[in-house]
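This briefing covers one helix, one sheet and the nonpolar cores of a protein chain. The sequence and structure come before the notes.

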Amino acid sequence: MTTIRLNNTKTRKREEFVPIEPQNIRLYLCGPTVYDRAHMGNLRPSLVFDVLFRLLKEVYGADHVTYVRNFTDVDDKINARAAESGRAIGDITAETIQWYHDDLDAVGLQRPTHEPRATAHIPQMIAMIADLIAKGHAYAAEGHVLFAVDSYAEYGALSGRSIDDMIAGARVEVAPYKRNPMDFVLWKPSGDGVPGWDSPWGYGRPGWHIECSAMSHELLGESFDIHGGGNDLQFPHHENEIAQSACAHPHGEFARYWVHNEMLQVEGKKMSKSLGNFFTIRDLLDQGVPGEVIRLVMLGTHYSKTMDWTEARRAEAEGTLRKWYGILHGHGFGPELIAALEAEGKWQPDAEFLGVLANDLNTSGALARLHVLAKGKTPVALAGFAYGLQMLGLVNDWSAIPQFDGGEAGAGVATAVAERVDALLADRAAARAAKDWARADEVRDILNAAGVQVTDVGGQATWAPGPNFDAAKLEGV
């Protein structure tokens with residue numbers, strides 16, 4: 001079995017991934033707060049975990065991996081958007097979730113196993129808060145419930161900060177009802193026009209941090225394998241999640257591995273509205289940038305490094321995909337060929353590609369291996385190339401392989417010429433079947449002279465125009 005290694009934020013080491021239960025691998029990603037379109041920074045953690053999800057399913061089997069990514073649909077930002085627009089909160093969150101799905105679908109992300117909404121898990125949050133109070137880790141004050149940070153000795157271990165450092169580096173809300181400035185809200189009161197639920201502490205709503213602790217416990221249990229998100233969530237969100245969950249379920253492990261991605265820049269600068277370089281996934285799609293191009297640009301940088309979106313990288317990615325999809329089209333990849341390769345046991349990942357990807361999700365290294373495989377002429381190399389594109393989410397439907405304008409291998413070849421090549425391949429197949437080896441060799445030489453690259457894959461002969469392709473040499477033969 002392929003060994004997966006991950007850079008574990010929790011230990012600050014690259015470690016071999018050892019699942020808690022190999023037949024029941026569980027991962028959780030903090031999802032979006034649904035009040036507006038997802039921007040490119042929102043996309044990155046979901047894309048990282050999409051690759052991780054695909055890799056885990058490849059190694060352990062699709063039926064043995066559960067992936068949870070939540071929607072935060074109760075939040076002050078949502079309330080503010082509703083007040084500004086005069087629209088119902090439910091309408092805003094439903095619309096935004098649909099936008100999120102549409103945009104991520106366009107970039108080739110697979111849907112997680114579960115996508116829980118915070119508002120559907122309020123009873124679980126209330127129960128967890130009550131348990132934390134009973135255990136002495138939280139207290140009620142003036143309609144609020146707060147987690148007592150000093151009741152958890154390991155607070156700060158994930159981010160590697162002391163409480164004094166965290167107070168100095170964070171904008172801590174000062175409130176008279178807090179026993180300690182670092183104590184954070186688990187429950188807060190709701191006024192008129194703001195969503196709320198009845199609780200032992202009055203009509204109110206949950207704090208942000210308790211949501212993920214309650215939902216991950218409900219769907220994955222006290223201990224699960226992998227948690228993560230952007231680096232900006234390490235503190236305070238993930239630090240607070242750990243504190244809540246460890247105190248509520250002291251016999252559990254919560255998350256064994258933590259995977260955090262770095263942030264995104266645009267043309268070397270931090271993406272921000274003030275700099276005029278802020279854009280959403282939908283902005284790019286509406287500008288005609290294919291989702292596959294967006295995906296390839298982002299896969300080109302390791303998740304632990306800052307990703308810089310540039311126009312040059314977009315153009316390079318589009319050129320690469322035009323070439324790669326041309327190879328697939330030219331060699332006849334589609335459902336029938338995939339089925340034939342599966343029947344022959346040849347539809348599987350290239351070992352080197354899989355090994356590179358399994359080494360801490362090294363997508364840039366995996367892409368480099370695909371460049372090598374794309375130049376291969378053997379059925380094994382081409383199958384490994386195609387399988388790798390599928391694993392990286394660059395092909396998700398073999399009945400509809402993308403075809404960019406001006407693509408190679410089929411596009412740009414006149415229909416009459418393509419038909420002539422197909423006829424010659426049929427002639428060669430008939431000659432082989434009749435054991436007329438002289439005629440089969442003659443057809444082969446004609447195709448070679450014209451620069452036609454022929455590959456026999458899965459019992460089928462496929463072709464692509466090579467770099468020295470000359471249609472004139474096919475005339476009159």
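In this predicted model, the buried residues of helix H13 (buried means under 20% relative accessible area with a 1.4 Å probe, protein chains only) are Thr 363, Ala 366, Leu 367, Arg 369, Leu 370, Leu 373 and Ala 374. They lie on the same side of H13, because their arc around the axis, taken from the directions from the helix axis to the C-beta atoms, is only 160 degrees. Local features need pLDDT of at least 70, side-chain atom pairs count only at pLDDT 80 or more, and totals for chains, interfaces and linings use all residues. Residues are numbered from 1 along each chain as its sequence is written, and side-chain values use heavy atoms, leaving out hydrogens and water.

**Helix H13**
- H13 spans residues 363–374; helices are DSSP runs of H or I with at least four residues, strands are runs of E with at least two, and both are numbered from the N terminus.
- Its buried residues pack against H1, H9, H10, H12 and H14, where contact means heavy atoms within 4.5 Å.

**Sheet**
- Three strands form an open sheet in the order S12-S11-S13, with mixed pairing; two strands pair if DSSP finds at least two bridges between them.
- The edge strands are S12 (269–270) and S13 (307–309).
- S11 and S12 pair in the antiparallel sense, and Val 266 stands opposite Lys 269.

**Nonpolar cores**
- The largest core has 84 residues; a nonpolar core is a set of buried Ala, Val, Leu, Ile, Met, Phe, Trp, Tyr and Cys residues joined through side-chain atoms within 4.5 Å.
- H1 gives the most to this core, with twelve residues.
- A second, separate core has 38 residues, including Val 68 and Cys 212.

Definitions and conventions. The expected span of a helix is 1.5 Å times one less than its number of residues. Buried means under 20% relative accessible area, exposed over 50%, partly exposed in between (1.4 Å probe, protein chains only).
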